[in-house]
Amino acid sequence: MRGKGLLFGVAISVFFVGLLVPLPGATAEITWKVQSAFAPGSWDYLCGERLMKRIEEVTGGRLKVTPVMAPGEIVPAFEILDAVEKGLLDAGLSWPGYWVGKNSAFTLFASAAGGPFGMDTWDHTGWMIFGGGYQLWRDLIKEVGYKNVHSFFLKGEFPEPQGWF
């Protein structure tokens with residue numbers, strides 16, 4: 001799968017990757033290189049690992065994923081978005097909060113916006129899925145210049161308990 005990389009952002013919820021279901025008669029095997037921005041053993045890393053295993057299952061093993069690599073194995077954690085864009089990685093597991101240097105609007109898609117004074121996790125999830133937030137996230141990625149990245153949500157993210165003061 002060259003040309004379009006996949007980026008699974010730890011932002012909101014799990015989306016089924018329906019495009020990866022094996023087609024009748026399709027036999028070619030595809031292998032993906034995937035790197036995480038999260039330390040092995042962390043909750044975010046394990047969620048990404050489970051997703052990659054599920055993608056292999058859903059595709060009947062036609063799509064193989066190398067073991068999910070730790071930060072720094074190919075690129076530093078904050079450079080995964082760029083590595084997916086350039087084709088160095090086929091997919092990446094990252095967090096939109098790491099991309100605020102590219103555009104500060106990425107904070108809207110990181111930990112639930114507003115902390116204890118704004119949306120909670122469920123409000124944020126509703127906005128992302130039913131209120132147009134997910135499309136805004138995808139549009140922002142394209143607007144910033146990432147034309148070869150197709151983003152998906154991986155899991156929910158809660159407001160940060162510290163630092164909202």
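Buried means under 20% relative accessible area, exposed means over 50%, and partly exposed is what lies in between, using a 1.4 Å probe and protein chains only. Keep that in mind for this predicted model, where local features need pLDDT of at least 70, side-chain atom pairs count only at pLDDT 80 or more, and totals for chains, interfaces and linings use all residues. Residues are numbered from 1 along each chain as its sequence is written, and side-chain values use heavy atoms, with hydrogens and water left out.

**Stop one: helix α3**

Select 121-130, which is α3; helices (H or I, at least four residues) and strands (E, at least two) are DSSP runs, numbered from the N terminus. Which residues of α3 are buried? Pick out Thr121, His124, Thr125 and Met128. They sit on the same side of α3, because they cover an arc of only 100 degrees around the axis, the arc being that of the directions from the helix axis to the C-beta atoms. Now spin to the face turned away from that buried side: the exposed Trp122 and Phe130 are there. Go back and show what covers the buried residues, which includes α4 and β6 (contact means heavy atoms within 4.5 Å). Just after α3, click on Gly132, whose phi is positive at about 95 degrees.

**Stop two: the cores**

Next, select Leu89, Phe106, Trp137 and Ile141. These have the most contacts inside the largest nonpolar core, which has 21 residues. A core here is a set of buried Ala, Val, Leu, Ile, Met, Phe, Trp, Tyr and Cys residues joined through side-chain atoms within 4.5 Å. Colour α2 (80-86), α4 (133-143) and β6 (149-153) too, since each supplies at least two residues of this core. Then look for a second, separate core of 16 residues, with Val34, Ile55, Val65 and Leu154 among them.

**Stop three: aromatic rings**

The whole structure holds seven aromatic pairs. Rings of Phe, Tyr and Trp (its six-membered ring) pair if their centres lie within 6.5 Å; planes under 30 degrees apart count as stacked, over 60 as edge-to-face and the rest as tilted. Show Phe109 and Trp137: they are stacked, 6.4 Å centre to centre with 20 degrees between the planes. Phe109 is in the loop between β5 and α3 while Trp137 is in helix α4, 28 residues apart. Stay on Trp137, which is buried at 0% relative accessibility, and add Tyr134, buried at 13%. Their ring centres are 6.2 Å apart and their planes at 55 degrees, so this pair is tilted. Tyr134 and Trp137 are three residues apart in α4, about one helical turn.

For a cluster, select Phe38, Phe78, Trp95 and Tyr98. Then try Arg138, whose charged end sits over the ring of Phe152, 5.5 Å from its centre; sitting over a ring means NZ of Lys or CZ of Arg is within 6 Å of the ring centre and within 35 degrees of the ring normal.

**Last stop: salt bridges**

How many salt bridges does a search of the whole structure find? Two, each being a side-chain nitrogen of Lys or Arg within 4 Å of a carboxyl oxygen of Asp or Glu. Select Asp82 and Lys102, with closest N and O atoms 3.1 Å apart. Asp82 lies in α2 and Lys102 in the loop between β5 (91-94) and α3, so the pair ties together parts 20 residues apart in sequence. Finish with Arg54 and Glu57, where the closest N and O atoms are 3.1 Å apart. These two are three residues apart in helix α1 (residues 43-58), about one helical turn. Arg54 is partly exposed at 44%, whereas Glu57 is exposed at 55%.
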